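Okay, thanks for coming, everyone. Let me put the structure up, and then I'll walk through a few spots in it.

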Amino acid sequence: MRQEVFRMERVTYIEKGIKRLEDFNLQIYQGEIMGLIPINAHGLQELLLLMQTNMPLYDGHIYYCGERINSWKNPRRCANRIGIIDANSRLVEHMTVTDNIFVLRQGFRQEVIQNKLLRKQLEPFMSDIEVDIVADAYVDRLSAFERVVVELLRAVVAGYRLIVLNEISTVINGEELAKLYEIIHHYGRRGFSFLYVSPHLEEIMEVCDRVALLSNGRIQKVAQGEEMKAEIVEGYTLEFDRMVRYHMENRNQAVWQKKEILSFSHVTGEVLQDFNMKVYEGECLVIQNLDNQVFQDILQVLYGDRKVKKGNCFISGKRVQLPASKEIAVIAAEPTKTMIFGELSYMDNLCMGLSRRVPGVWKRNMRESVRKEYGPVLGEEVFGMPVERLSEKQKYQMVYTRVLLQKPRVVVCVQPFKGADLAHRVFVWKMMEMLLDKGMSVVILTINLADSMSLADRLIRIGKDGIIQEINREDFGSLSITAPWLSLYRTE
Amino acid sequence: MNNKKQSPIRRLLAVKGMGAALTAFVGLIIIYIAFGLINQAVFSSNNILNLLRSMSKYLLIGIAQSYVLITGNIDLSIGSMVAMSAMISATLMTLGVNPLLAVMIALLCCLVIGIINGILVGQFKLPPFIATLGTMFVGRGIAYMVNNNRNTDAIATGIGKEAGDKFQNFFYYGTTAGVYNTFWIAIIMFVIFFFLLSKTRTGRHIYAIGSNIDAAKLSGVNVVATTTKAYLVSAVCSWVVGLILCAQAGMGNMEAGNMYEMYGVAAGVIGGVSPLGGTGILLGTLAGSAVWQTLENGLNMIGAQVGIQRLVIGIIVVVAVLLDVVLRSGQFTKKKKG
């Protein structure tokens, strides 16, 4: 009989008067890789919180390694020995790999640090998983994949029996993901258990033994093996599939001129060398970054944190500065957190981009006309609400409408689906389609292809040496990678 | 809920920072009445006029610091700019330079410091505390050097008694409609900067960079220019306060404006300007500076020692900031519902 590592039994958790988890049941066995697909994100953050710390429960019990760690009867406000790895690093920057793995561990008693000894201790772990990371490297200089591996090793060394990987495919690229799966399987065989959270069934299918579907704070279904792919799981993504298929048909019929809008000429950053690229009017271009440092480099240039060392950016042949140009709008990753002005009103949030085009935007009549035009679409009630109280959907809508008001010619979306559950991914997808319908070019910057392929007209894959591969829509079917929606292109 | 149907009072209360400002006003009234009950002289018209005049300096300093605080930064060079303004204008006037030209030169010097602050913080991304700490020493150094490490003589020795009196009356001793000119100057500047902050694009950009600097950048806000504008407002207000102090003393004092940057922070945060940036309205700063001055005045009137005065004011500042932090983190809400 398989040994159980973690169990949540009839857990109901209430936060701020709202039931975040209701009658929630989840079991994870030793050595198992359990998948979790959030159909909607309601309860996901709270689930992760309850795994890390024992917050007071309204009902139910939580067991870990055979011990009851939390119960509605007697809550223990202490942290659990469960590792969580996601987009945000939990390592201490400016400290070395060995410091993070060994020294900052509970129970490390040595007063004098012997680096040589620590290096030696790390060696077998590295050779076990066939990864080569310099033991004395500072963690802030590691690549995203190396950082994930160090966090994983830290959890393993600390003796955590359960490790949660939350949307890790938004952090590392496909090849690195494949390597990570090998490592996960390796530790799975050693008795470590994993909870792999991802909205993509393809990823789950590749790595997990079982999958649980989370919806409205409940586990709706647990499936395993072939059942995962069967109608129950697919049923949840059917609507999205249908939308994508319809969009693809429309895009195939649409004829647009290859008129150049945005171009990068010999752009050189810290890592990126001599990069050339063109974006055409009305197209959706996906740029997949195969190297995380290149990705960071592009983001820094895009956000104006760093100027390009060499080269230029042109809009319709005219040289422009990023991000100051009003012709280009940038939507950062997880916009509902990063693109919101929490202290400003809804209207001020909405009009922030408009102020690039109309200097007198804060005149009352202008605001009223914006309200009149967009009120029916956005809903009248949002104008009186503090932005922090808006729903996720309303926040997405606000950010994309802000861009729409700015009327740029090119919209750059950085990992637009990151952090969004299935329902919100559909909504983000619709918002981007709306931008395309308005004649704007959409550039999606991403690490993992995932949903981006459902909108793409062209794909560019870039690494340290610049463009590695450029693929047009008609050739998407030949891509030898695992990504959602590729099957649709293959059957075209 | 449709915004059009809201009553003016509800609309007023819906303005972010208005709650804190009104709380400060209520606090002001309570403090004032409490002191008045202890000592009736607090209610005398003479005392009210003096109160308004001395409050004006703190109001201007408060406006200066509030602008910078709302951008999420701080300006430690305010006091030094006050000293610079007082010393440069007084020194020039003692040398017989036309007072108008003298104050313009002082303004220019303050603006240079403001621009340097803006560029160091906005362009080179220096921590504002360090950047303005540097310019604080530079400013104070200039104030010392202007007249060879000495306070100036009376300004009337250079520009003559009549011009000297005119200058002093304009900025400090003269009255208009029965109220000291200092107060009117402060109120006019308050109205201008209130309008700038609440009704203009620049004002929204100031709030935006204090609220979310990255999103502001991506929304096309010129962070360097906006930060510099906030520091320039600070410089202008400091310049005026320098002139007021110069007019009050009739001479230039190298130590003028000492600690004023901290008084500015106090006036702002008491009135609900968040030291974390993004929130606060100048109406709050007005209330904050009035609370500050009323406390000082009232404690003086009831014969409290300077130590007690500082202690009380210090506690009030800490409580105001604590309230801001607690309210932002939502700890009150959690406790209620838990």
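**A helix, some interfaces and some salt bridges**

So, let's start with A:Gln394, which is found in helix α12 of chain A, residues 392-406; helices here are DSSP runs of H or I with at least four residues, strands are runs of E with at least two, and both are numbered from the N terminus. Before I go on, the housekeeping: this is a predicted model, where local features need pLDDT of at least 70, side-chain atom pairs count only at pLDDT 80 or more, and totals for chains, interfaces and linings use all residues. Residues are numbered from 1 along each chain as its sequence is written, chains are lettered from A and ligands numbered from 1 in the order in which they are written, and side-chain values use heavy atoms, with hydrogens and water left out.

Back to A:Gln394. Is it buried or exposed? A:Gln394 is buried, at a relative accessible area of 16%; buried means under 20%, exposed means over 50%, and partly exposed is in between, with a 1.4 Å probe and protein chains only. Leaving out residues up to four places away in sequence, A:Gln394 touches A:Tyr346, A:Glu381, A:Val382 and A:Met385, where a contact means heavy atoms within 4.5 Å. A polar atom of the A:Gln394 side chain also sits 2.9 Å from the backbone nitrogen of A:Ser391.

Now domains. The domain assignment, which is automatic or from a database, gives chain A domain 1 (4-236), domain 2 (239-327 + 408-491) and domain 3 (342-406). Between domains 2 and 3 of chain A, the contact takes 19 residues from domain 2 and 10 residues from domain 3. That buries about 1300 Å², with carbon and sulfur atoms giving 70%; buried area is the accessible area (1.4 Å probe) that two parts lose on being put together, summed over both. On the domain 2 side, A:Lys326, A:His424 and A:Phe427 lose the most area to domain 3, together 38% of what that side buries.

What about salt bridges there? The rule finds zero across the interface of domain 2 and domain 3 of chain A, a salt bridge being a side-chain nitrogen of Lys or Arg within 4 Å of a carboxyl oxygen of Asp or Glu. For the domain 2 side, α13(A) gives the largest share, seven residues.

Right, on to the two chains. The contact takes 30 residues from chain A and 26 residues from chain B, and the chains bury about 2400 Å² between them, 52% of it on carbon and sulfur atoms. A:Phe341, A:Glu343 and A:Trp362 supply 26% of the area that chain A buries against chain B, more than any other three residues. How many salt bridges cross between chain A and chain B? Just one salt bridge: B:Arg204 with A:Asp348, the closest N and O atoms being 2.8 Å apart. On the chain A side, α9 (335-338) and α11 (364-378) each give two or more residues, and α11(A) has the largest share with four residues.

Over to chain B. Of the 11 residues of helix α13 of chain B (residues 260-270), 10 are buried, so that helix is largely enclosed by the rest of the structure. Just after α13(B), B:Gly272 takes a positive phi of about 100°.

Then there's B:Thr71, in the loop between α3 (45-70) and α4 (78-94) of chain B. B:Thr71 counts as buried at 5% relative accessibility. Not counting residues up to four places away in sequence, B:Thr71 touches B:Ile206, B:Ile209, B:Gly210 and B:Ala230. Its side chain reaches the backbone oxygen of B:Val68 at 2.5 Å.

Last bit: salt bridges overall. The count comes to 24 over all chains. One of them is A:Asp59 with A:Arg10, closest N and O atoms 3.8 Å apart. A:Asp59 lies in strand β4 and A:Arg10 in strand β1 of chain A, so the pair ties together parts that are 49 residues apart in sequence. A:Asp59 is partly exposed at 25%, and A:Arg10 is partly exposed at 37%.

Another is A:Glu270 with A:Lys309, at 3.3 Å between the closest N and O atoms. Here A:Glu270 is partly exposed, at 42% relative accessibility, while A:Lys309 is exposed, at 57%.

Note on methods
A polar contact is a pair of N or O atoms within 3.5 Å; within protein, one must be able to donate a hydrogen and the other to accept it, and residues adjacent in sequence count only if both atoms are side-chain atoms.
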